[in-house]
Amino acid sequence: MADEKIRLSIPDLSLVVLIGVSSSGKSTFAREHFLPTEVLSADFFRALVADDENSLEATDDAFAALHFVAARRLARGLLTVVDATNVQPEARKPLVELAKHYHAQPVAIVFDLPQALCEERAAVRTDRDLPPHVIPRQYRQLRRSLKGLKREGFRRIFALRSPTDVARVETVREKLWPDRREEGGPFDIIGDVHGCCAELEALLDQLGYRIAGEKVEPPPGRKAVFVGDLVDRGPNAPGVLALVMRMVESGSALCVPGNHDARLVRALQGRKVQRTPGLAETLTQLDDETAEFKKKIETFLGGLVSHYVLDGGALVVAHAGMKEEMAGRASGAVRAFALYGDVTGEEDEFGLPVRRDWAAEYRGRARVVYGHTPVAQPEWVNNAINIDTGCVFGGALTALRYPELELVSIPAKAQYSEPVRPLAAQQTRDDVLDLADVAGGFDSSSAKGRRVETRLMGRVFVHAERAAAALEVMSRFAVDHRWLVYLPPTMAPPQTSTRSDLLEHPDEVLAYYRRYGVRELVCEEKQMGSRAVLIVCRDPATAQRRFGGEDGSAGICYTRTGRRFFADAGLEAGILDHMRQAFERSELWSALATDWAILDAEVMPWSAKAQQLLEDQYAAVGAAARMSLAASVSALEQAAARGVDVGELLSRCRGRAESVAHYAAAYRPYCWPVHSLKDLKVAPFHLLATEGQVHVNQTHAWHLETLDKLCAAEPELLCAIDRRRVVLDDMDSNSEVVRWWEELTASGSEGLVAKPLDFVCTNGRGLVQPALKCRGRAYLRLIYGPEYTERIDLLRHRNLKGKQALALREFALGVEGLERFVAGQPLHRVHECVFGVLALESAPVDPRF
Amino acid sequence: MLLTISTVHQPATDLGYLLYKHPGRAQAFDLPFGTAHVFYPEASPDRCTAALLLDVDPTALKRRAASSDFALASYVNDRPYAASSFTSVAIARVFTSALNGQCRERAELVEEPLPLRVGVSALPCRGGEDLLRDLFEPLGYAVEVRGFLLDEHFPEWGNSPYYEVELECVRPLKEVLAHLYVLIPVLDDEKHYYVGEEEIDKLMRRGGEWLAGHPLRELVVERYLKHQRGLKQAALSRLLVEEAGEAEDHAGEEALEAELSLNRQRLTAVFEELKASGARRVLDLGCGEGRLLALLAAEVQFAEVAGMDVSPQALSRARRRLERLPRGEQVVVFQGSLAYRDARLSGYDAAALVEVVEHLDPPQLRACERAVFEFARPATVVITTPNAEYNAHWDALPAGAFRHPDHRFEWRRVEFEAWAEEVGKCYGYAVRIAPVGPEDPELGAPTQMAIFSARGTRG
């Protein structure tokens with residue numbers, strides 16, 4: 001007998017409260033059965049806040065800290081053990097409340113050991129000196145507590161009455177019922193059936209399930225999941241129940257309960273329920289069934305688990321929806337939410353309960369599939385989808401195939417029931433962004449900044465200070481946030497050249513990529529205009545469906561900081577229209593199976609966008625310099641003619657005048673007047689994304705070749721990018737590109753951009769710069785000033801680290817945003833990335849890079 | 001930058017004594033921001049010209065970058081070439097004695113009006129050639145100006161703001177130098193250093209004698225002191241003490257007063273509405289520099305006052321304003337945006353949006369409506385916006401133009417009313433419209449205001 005174990009079964013997410021007088025062995029027990037980090041001991045917290053684990057005056061602070069840590073652990077879904085005497089009800093009350101708040105099970109383990117034994121143990125303890133009256137008093141409190149524990153809200157109570165009991169304990173962790181994370185699918189999740197048996201059979205057939213007599217054969221590996229409300233209102237609830245029960249028993253289906261199912265159970269159990277019209281019909285249908293069948297139904301429906309968490313936590317199925325903080329947990333509140341949703345207790349004008357739109361608030365990473373409220377058309381809202389398409393009301397029975405995310409529908413064969421209110425039209429896409437969802441620093445939970453999870457670089461941190469700078473630009477100047485799905489990253493230059501007359505040279509670019517193990521580059525001529533992101537849609541309907549704009553436009557053109565590129569709406573519409581025709585003529589719409597595309601491009605001339613800058617800064621500086629240096633040279637020449645020794649100053653001024661002439665010559669090629677569309681040129685260099693695809697898995701060669709087709713279809717407006725392939729270990733190919741760069745920069749071109757052949761290029765240590773720019777000597781006068789060549793040695797010290805790090809982080813964020821957009825993720829998930837890029841762009845880096 | 005001073009006084013080479021610079025030599029002087037070279041292109045008894053060539057070290061320009069929107073401003077910069085406050089500093093440092101009227105060798109020439117001709121190679125004139133003339137002609141100069149195209153390759157870009165200027169007069173040299181010292185930075189409307197109280201002393205020292213009588217004295221003081229209103233008032237009062245009897249010219253201030261009084265009326269109207277609503281917790285959305293917050297802070301009914309704005313600069317000015325007020329420290333101001341919903345906006349009884357909505361593009365306006373009326377849901381919302389019809393009242397405003405360049409729209413009364421009604425219907429608020437400011441029988445009041453009151457329950 002002594003060897004027989006006492007099994008304490010403890011749910012995975014519990015708040016375990018140890019209850020017992022001092023020296024009853026709680027801490028020793030906790031050490032044996034739980035992880036050190038799972039156990040929050042009052043003594044430990046007294047020491048934490050007061051440096052003395054016996055300090056009784058620190059008790060309040062110690063418990064405040066303990067409760068805080070317990071709350072954080074429970075919020076994260078971690079089992080937590082509270083090791084304190086807990087013999088007074090007022091000590092246990094906050095713990096039970098805490099457990100309830102986080103939908104964790106409150107579990108009590110009571111150490112009801114003989115008083116004498118505890119006193120004996122206390123007497124020999126050297127670490128504590130308890131006054132003799134303490135243990136008797138605690139013992140009295142414990143005895144008084146024992147009966148009330150259940151009433152206090154503890155769901156499981158284990159009492160250990162002797163040291164032998166304690167020694168025989170074996171704790172077992174019990175998985176929570178909703179936790180089916182090991183089930184990875186694929187699934188066919190089926191909406192509210194409501195007794196529409198014929199439609200269910202047709203839908204299963206459509207999904208590939210073979211129904212042969214009693215047996216249902218699913219397609220290999222697949223499993224059906226019912227979102228509940230199998231019964232009521234429809235013609236054949238018993239048929240539906242029989243079919244679903246067979247499928248669940250044979251392991252080919254899972255089922256969660258709906259509110260109608262729950263009410264049927266209560267009715268079958270003989271409890272008093274309101275006999276609503278739907279329920280009455282179901283009970284009538286069941287009248288002819290055997291008592292055995294009814295009992296089976298009662299057991300089946302009564303045993304259904306409120307909701308399921310599937311596929312490693314990526315998928316949640318619940319009847320009326322599930323909040324992120326409740327998913328996977330088990331409590332009365334969780335069950336109520338799963339059955340009824342977020343009800344306010346009020347009724348609407350149809351006499352139906354008013355439900356809050358929980359999905360609009362949902363920010364979880366798991367996809368939630370639910371039903372309960374009929375909708376005309378299922379639509380993803382913040383990673384959640386309602387697939388109840390009101391079959392019983394004459395709508396359709398819908399299934400969502402997972403992970404394919406395809407919808408399969410069977411129209412209702414009849415309208416079996418009159419809807420109380422009209423089927424909800426499409427839910428409005430939740431397009432108001434919450435600041436706390438996209439940027440850090442605007443609430444206390446993210447005071448320092450925000451970490452954005454990216455596929456390419458893991459977490460990218462966006463500092464709150466940067467976000468503050470970006471918020472103004474984003475709010476005041478950016479285009480409609482629904483269009484703003486991408487902002488281009490900044491680009492770093494190479495290490496400074498060692499050549500005496502240059503700051504940048506392709507040698508350093510080639511050396512960089514060689515050092516990082518890149519084998520092949522695509523070098524593109526750097527067009528000098530203004531960077532633009534172009535979104536081209538086939539028609540306004542596509543734009544509205546995919547991007548959500550309702551202004552009737554079919555695309556947009558915006559700058560690298562998210563502002564509308566053209567002040568003149570006609571010019572923008574014209575460009576988009578020509579690009580749309582180019583997509584049609586080049587047959588790229590069909591080749592890419594898309595009706596929209598996002599492109600990264602340069603729009604020329606520079607003066608189209610930078611006219612003000614050219615006049616106020618570039619040309620103005622040139623004009624002042626010409627006037628001032630001409631006057632200086634002529635005054636110095638007069639003085640020199642008089643024999644005053646000004647030779648050195650004179651030649652310096654002549655040199656400066658020459659530099660200024662080169663400077664003006666450097667910006668002039670990038671300027672021409674724009675009167676109409678004919679004067680503009682667009683040079684696209686990345687075809688970033690189309691339906692279902694972010695083309696970062698393609699090489700830059702693919703991008704340019706695909707875009708060549710586009711350019712060929714619209715040569716007036718679009719110009720293809722001139723480029724060279726470089727094989728890095730082929731020296732001829734290296735010197736060829738250097739020659740090309742020299743030619744380009746000598747003839748007024750800005751320079752080149754070198755990119756690894758692969759769009760996303762990593763080596764063992766991480767991402768390699770996705771592009772480096774190498775600018776010509778003449779062009780750099782526009783950056784470093786007209787006369788930089790006179791003092792080039794002073795400029796050689798360039799710290800590029802910051803710029804390079806920024807370029808990588810912005811690149812990772814940019815790609816992440818596109819991937820989220822293409823995957824149909826909610827707007828705030830996309831905007832978070834775009835906001836991050838803009839915020840990082842406000843970082844103080846040398847603007848000359 | 002090149003500045004030349006010529007004279008035909010006999011013997012012309014006396015200019016060398018006055019300037020303390022030998023006509024036969026080229027000299028260089030180190031300055032904090034570069035080097036000043038002085039040499040004489042001509043030096044005969046009939047005619048003598050001294051040249052000050054200023055070589056500005058570009059690294060000295062870096063500090064200026066922060067104040068500009070243009071990131072490369074400290075590199076692509078006109079300062080090495082244009083006449084500016086650098087020139088003034090160089091004059092003061094290189095021609096100190098001449099400017100102060102000291103000359104041992106030719107003491108009699110210090111106060112003597114001399115025929116002088118000044119050439120400035122590239123003088124930036126913010127305000128154009130007319131301003132240049134209006135500044136120098138009242139001081140007795142004959143002004144010759146030559147303008148240039150910004151870039152001869154692009155005549156359509158127009159003229160550059162720099163002029164080649166010749167100024168001719170018969171005046172003592174020290175006065176001419178003082179005029180240049182003060183007026184070059186005024187024309188340029190820019191200072192390369194921080195402008196504080198000591199600038200007033202400099203202005204008094206160099207301009208005390210002639211500036212009080214100058215018709216553009218206000219503009220000179222304002223620009224010289226970099227548009228800092230407090231400094232300007234202090235300088236003007238010091239100038240005017242020295243010039244007893246002359247009537248004060250308050251035209252500018254009156255224009256300012258008129259503007260202030262409309263703003264004041266608007267804020268008062270909003271304040272009264274908020275107070276009448278019985279609100280205790282009030283929120284100013286788009287609080288800007290905190291003018292309304294200052295009013296709200298003083299009212300005991302408002303137990304809690306908060307302000308939000310998107311601009312960190314505006315917020316720091318608001319904080320400074322509130323610090324000075326007795327109850328100001330109770331006001332919370334924070335950065336946020338009406339283009340997003342924000343949990344921090346919940347829990348207030350009333351919110352004001354004073355001259356805010358017209359700064360929002362249509363998508364942002366829709367987001368703002370939802371952020372305020374759907375999510376924050378204060379019981380009272382007060383919104384003001386310009387009445388576009390009233391713009392016809394202002395001659396200075398071209399027809400169809402907006403009052404502010406950042407306005408995305410300005411509504412006529414029917415448009416505003418329609419919008420307010422629609423918002424009220426959509427989110428369950430009763431709407432009342434009220435005019436603010438003097439009402440024109442046909443055009444209405446300059447400002448229109450809507451007061452939204454939440455209906456008991458939603459629907």
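The legends below describe three close-up views of a predicted model. Local features need pLDDT of at least 70 and side-chain atom pairs count only at pLDDT 80 or more, whereas totals for chains, interfaces and linings use all residues. Residues are numbered from 1 along each chain as its sequence is written, with chains lettered from A in the order in which they are written.

**View 1. The two faces of helix H1 of chain A, residues 26–33.** The buried residues of this helix (20 or more other C-beta atoms within 10 Å of their own, with C-beta atoms placed from the backbone) are A:Lys26, A:Phe29 and A:Ala30. Seen down the axis of H1(A), these buried residues fall within an arc of 100 degrees, so they line one face of the helix. The face turned away from the buried side carries A:Thr28 and A:Glu32, which are exposed (12 or fewer such atoms).

**View 2. The crossing of helices H17 (464–476) and H29 (827–841) of chain A.** The two axes, lines fitted to C-alpha atoms over the stretch in contact, come within 8 Å and cross at roughly 110 degrees. That makes H17(A) roughly perpendicular to H29(A) (65 to 115 degrees). Among the residues that make the contact (C-beta atoms within 7 Å) are A:Arg466 and A:Val473 of H17(A) and A:Phe835 and A:Leu838 of H29(A).

**View 3. The contact between chain B and chain A.** Chain B gives 54 residues to this contact and chain A gives 46 residues. On the side of chain B that touches chain A, the largest share, six residues, comes from S3(B).

Conventions:
Helices (H or I, at least four residues) and strands (E, at least two) are DSSP runs, numbered from the N terminus. The arc is that of the directions from the helix axis to the C-beta atoms. Axes are lines fitted to C-alpha atoms, for helices over the stretch in contact, and angles run from 0 to 180 degrees between N-to-C directions. Angles under 35 degrees count as roughly parallel, over 145 as roughly antiparallel, 65 to 115 as roughly perpendicular and the rest as oblique. Two residues are in contact if their C-beta atoms, placed from the backbone, lie within 7 Å.
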